[in-house]
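Hi everyone, thanks for making the time. Let me put the structure up, and then I'll walk you through it one residue and one helix at a time.

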Amino acid sequence: MIKLSETKRIVAEVLGIDEDILHDDIMLEELEDWDSVNAVRLILNMESELGVRLSVEQVIKARSLHDIQSAASEEAVS
């Protein structure tokens, strides 16, 4: 299972923001730099750092940090 803290760390790294502003229930649309380019960067970082392959569709459908973490956890089990 992928921890939410790991997802937060990677999202903060991709967006170049302080991890502390990413509260557990934050919606991705609330993040100023969240866009399709950073979504692809997130996919690449999740794979390289956690060994989890997320599809573009999974990330585009995600609305929150929890959605990303849930998708990553499902893929980690597969």
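Let's start with threonine 7, which counts as buried because its relative accessibility is 0%, under the 20% cut-off. Do keep in mind as we go that this is a predicted model. Threonine 7 lies in helix H1. Which residues does threonine 7 touch, if we don't count those up to four places away in sequence? The answer is Ile2, Met46, Leu65, Ile68 and Gln69.

So what about helix H1 itself? H1 covers residues 4–15, and its 12 residues should span 16 Å at 1.5 Å a residue; the end C-alpha atoms are 16 Å apart, which agrees. Threonine 7 has company in there: the buried residues of H1 are Leu4, Thr7, Lys8, Ile10, Val11, Ala12, Val14 and Leu15. Yes, there is a lysine in that list, Lys8. The cover over the buried residues of H1 includes helix H2, at 36–50, and helix H4, at 65–77. After H1 comes glycine 16, and its phi is positive, near 65 degrees.

While we are on helices, a reminder that may help when you read these lists. An α-helix has 3.6 residues a turn, so residues three or four places apart point the same way.

Now over to one of the partners of threonine 7, methionine 46. Methionine 46 is found in helix H2. Buried or exposed? Methionine 46 is buried, with a relative accessible area of 0%. Leaving aside neighbours within four places in sequence, methionine 46 is in contact with Thr7, Ile10, Gly51, Val52, Leu54, Ile68 and Ala72. Take isoleucine 10 from that list: methionine 46 and isoleucine 10 are 36 residues apart in sequence, and 7.1 Å apart in space, C-alpha to C-alpha.

Helix H2 gets the length check too. Its 15 residues should span 21 Å at 1.5 Å a residue, and the end C-alpha atoms are 21 Å apart, which agrees. Alongside Met46, the buried residues of H2 are Asn38, Ala39, Leu42, Ile43 and Asn45. H1, H3 and H4 are among what covers them.

On to H4, where 13 residues should span 18 Å at 1.5 Å a residue; the end C-alpha atoms are 19 Å apart, which agrees. The buried residues of H4 are Leu65, Ile68, Gln69, Ala71, Ala72 and Ser73. Leu65, Ile68 and Gln69 are residues you have already met, as contacts of threonine 7. Covering the buried residues of H4 are, among others, H1, H2 and helix H3, at 56–61.

Two more residues in H4 deserve a look. Alanine 76 is found in helix H4, and with a relative accessible area of 38% alanine 76 is partly exposed. Apart from neighbours within four places in sequence, alanine 76 is in contact with Ile2 and Val52. Alanine 76 and glycine 51 are 25 residues apart in sequence, yet 7.6 Å apart in space, C-alpha to C-alpha.

The other is histidine 66, also found in helix H4. Histidine 66 is partly exposed, at 31% relative accessible area. Its contacts, again without neighbours within four places in sequence, are Leu4, Asp24 and Asp25. For a C-alpha to C-alpha distance here, histidine 66 and serine 36 are 30 residues apart in sequence and 18 Å apart in space.

Let's zoom out to the whole protein. How many helices and strands are there? There are 4 helices and 0 strands, and along the sequence the pattern reads α-α-α-α. With 78 residues, a compact globule would have a radius of gyration near 12 Å, and the protein has 11 Å, which agrees. Along the principal axes, the C-alpha atoms fill a box of roughly 30 × 20 × 20 Å.

Of the 78 residues, 38% are buried. If you take contacts between residues at least 6 apart in sequence, 56% of them join residues at least 24 apart. The accessible surface comes to about 4,700 Å², and 48% of that belongs to carbon and sulfur atoms.

And one for anyone thinking about electrostatics: there are 7 positive and 18 negative side chains, with the centres of the two sets 5 Å apart. That's my tour, and thanks for listening!

How values were computed:
Residues numbered from 1 in each chain as written. Predicted model: local features only at pLDDT ≥ 70, side-chain atom pairs only at ≥ 80, totals over all residues. Heavy atoms only, no water. Helix = DSSP H or I, 4+ residues; strand = E, 2+ residues; numbered from the N terminus. Expected span 1.5 Å × (residues − 1). Buried < 20%, exposed > 50% of the residue type's maximum accessible area, 1.4 Å probe, protein only. Contact = heavy atoms within 4.5 Å. Rg over C-alpha atoms; globule rule 2.2 N^0.38 Å. Areas by Shrake-Rupley, 256 points an atom, 1.4 Å probe, with all protein chains shown as cover. Lys, Arg positive; Asp, Glu negative; His and termini not counted. Charge placed at Lys NZ, Arg CZ, Asp CG, Glu CD.
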